[in-house]
Amino acid sequence: MKTLFRISFFFIFGFLIVSQTLFSQSQEFKPNIKFYPSLTTMYGLFSYKTQTGDKNGTGQKHYNLNYCLGLNVNADLFVREDFAIQFYAGYNRWNFADLFPVGVMIKPQINKKTNELYVKIGGGHSFGKRYYDINEHLTRLVTPNDYGKGKTHLLGGLEKNWHISQTQSFSIAFMISIQFIKSYHEPFSYYPLTSADKPSEYTIPYKFAGLIFSYHFY
């Protein structure tokens, strides 16, 4: 339910902005869409917290040492000359995860130069799983099937676009990403756990920072 709420929020937010820009845009401009590939490289940022099933219900902080490489197919819908909505889908490989992100971002241009500078913010849902985390110790006899399942992800940053020719350009984006992953921890018990003891669900927000390299062709 929380994942659905987050995705709905971003789509509604994007729709409101698009409605405003379409209403105010010049009659001479015709909306257009551009497809292009991108390569993502990111590394863990800050720390994240894992929950434990001890008596006090405490957690432990760990440095996020995960790295990820991704390949996306993107589509930029330009509703104005200086405003685009980016749709993306692709594959994201962690050291211990295989995720398939799908989402949308808004891209308002913030300069007036030929080589554009954009603010990018948005998110979506990541399908797939994180298979292992060295800092988690789930020792149950039966691990839930959705343990490590991908959930909502959020993205935000800046993108600089350099035009190579009239039909090609290259861009680099510096992005901050938060990937939510479904997890479980052992229930507290004074006695040895059995398969009848159900683990407790929680979400881990993994934070990343990195670069996205894109090749645009028109």
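Let me begin with the charged pairs: a search of the whole structure, which is a predicted model, finds nine salt bridges. I will take some of them in turn, and then move on to the overall layout, the nonpolar cores and a few single residues.

One of these bridges brings together the side chains of glutamate 159 and lysine 120, with 3.0 Å from N to O. Glutamate 159 belongs to strand S8, residues 150-163, and lysine 120 to strand S7, residues 117-130, so the pair ties together parts of the chain that are 39 residues apart in sequence. Are these two charged residues buried or exposed? Glutamate 159 is buried, with a relative accessible area of 1%, and lysine 120 is buried too, with a value of 2%.

This pair does not stand by itself, since Asp76, Lys107, Lys120 and Glu159 are linked in a network of salt bridges. If you look for aspartate 76, you will find it in strand S4, which covers residues 67-80, and at 2% relative accessibility it counts as buried. Its side chain also makes a polar contact of 3.0 Å with the side chain of tyrosine 36. Leaving aside neighbours within four places in sequence, the residues in contact with aspartate 76 are Asn32, Ile33, Lys34, Tyr36, Ala84, Ile85, Gln86 and Lys107.

Now please turn to lysine 182, which takes part in a salt bridge with aspartate 146, where the closest N and O atoms are 2.4 Å apart. That pair links distant parts of the chain, with aspartate 146 in the loop between S7 and S8 and lysine 182 in strand S9, 36 residues apart. Aspartate 146 is partly exposed, with a relative accessible area of 21%, whereas lysine 182 is buried, at 16%, the cut-off for buried being under 20%. The side chain of lysine 182 also meets that of glutamate 201 in a salt bridge, at 3.8 Å from N to O. Here lysine 182 sits in strand S9 and glutamate 201 in strand S10, so this pair ties together parts that are 19 residues apart in sequence. Glutamate 201, for its part, is partly exposed, with a relative accessible area of 45%.

Let me step back to the layout of the chain. How many helices and strands does the secondary structure come to? There is one helix and there are ten strands, and along the sequence they follow the pattern α-β-β-β-β-β-β-β-β-β-β. Buried residues make up 42% of the 218 residues in the chain, and among contacts between residues at least 6 apart in sequence, 65% join residues at least 24 apart.

That brings me to the nonpolar interior. The largest nonpolar core has 17 residues, of which Met42, Trp94, Leu155, Met175, Tyr206 and Phe208 touch the most other members. The elements giving two or more residues to this core are strands S5 (83-94), S6 (97-108), S9 (168-185) and S10 (200-217), and S10 gives the most, with five residues. Apart from this core lies another, of five residues, among them Val79, Phe83, Val104 and Ile106.

Within the larger core, tryptophan 94 has contacts beyond its neighbours within four places in sequence, including Leu99, Gln179, Tyr206 and Phe208. Glutamine 179, in strand S9, is itself buried, with a relative accessible area of 4%. What joins its side chain to that of serine 126? The answer is a polar contact of 2.7 Å, and a polar atom of the glutamine 179 side chain also lies 3.3 Å from the backbone oxygen of lysine 151.

I will finish on the outside of the model. Trp162, Ile164, Phe170, Tyr215 and Phe217 form a nonpolar patch on the surface, and together they have about 470 Å² of accessible area. Phenylalanine 170, found in strand S9, is partly exposed, with a relative accessible area of 31%. Another phenylalanine, number 46, lies in the loop between strand S1 (32-44) and strand S2 (47-51), and at 59% relative accessibility it counts as exposed. Phi of phenylalanine 46 is near 60 degrees, which is a positive value in a residue other than glycine.

How values were computed: Residues are numbered from 1 along each chain as its sequence is written. This is a predicted model: local features need pLDDT of at least 70, side-chain atom pairs count only at pLDDT 80 or more; totals for chains, interfaces and linings use all residues. Side-chain values use heavy atoms; hydrogens and water are left out. A nonpolar core is a set of buried Ala, Val, Leu, Ile, Met, Phe, Trp, Tyr and Cys residues joined through side-chain atoms within 4.5 Å. Buried means under 20% relative accessible area, exposed over 50%, partly exposed in between (1.4 Å probe, protein chains only). Helices (H or I, at least four residues) and strands (E, at least two) are DSSP runs, numbered from the N terminus. Contact means heavy atoms within 4.5 Å. A polar contact is a pair of N or O atoms within 3.5 Å; within protein, one must be able to donate a hydrogen and the other to accept it, and residues adjacent in sequence count only if both atoms are side-chain atoms. Patches are made of residues with over 30% relative accessible area and no salt bridge: like charges are joined within 9 Å, nonpolar side chains (Val, Leu, Ile, Met, Phe, Trp, Tyr) within 5 Å. Accessible areas come from the Shrake-Rupley method with a 1.4 Å probe; for residues, only the protein chains shown count as cover. A salt bridge is a side-chain nitrogen of Lys or Arg within 4 Å of a carboxyl oxygen of Asp or Glu.
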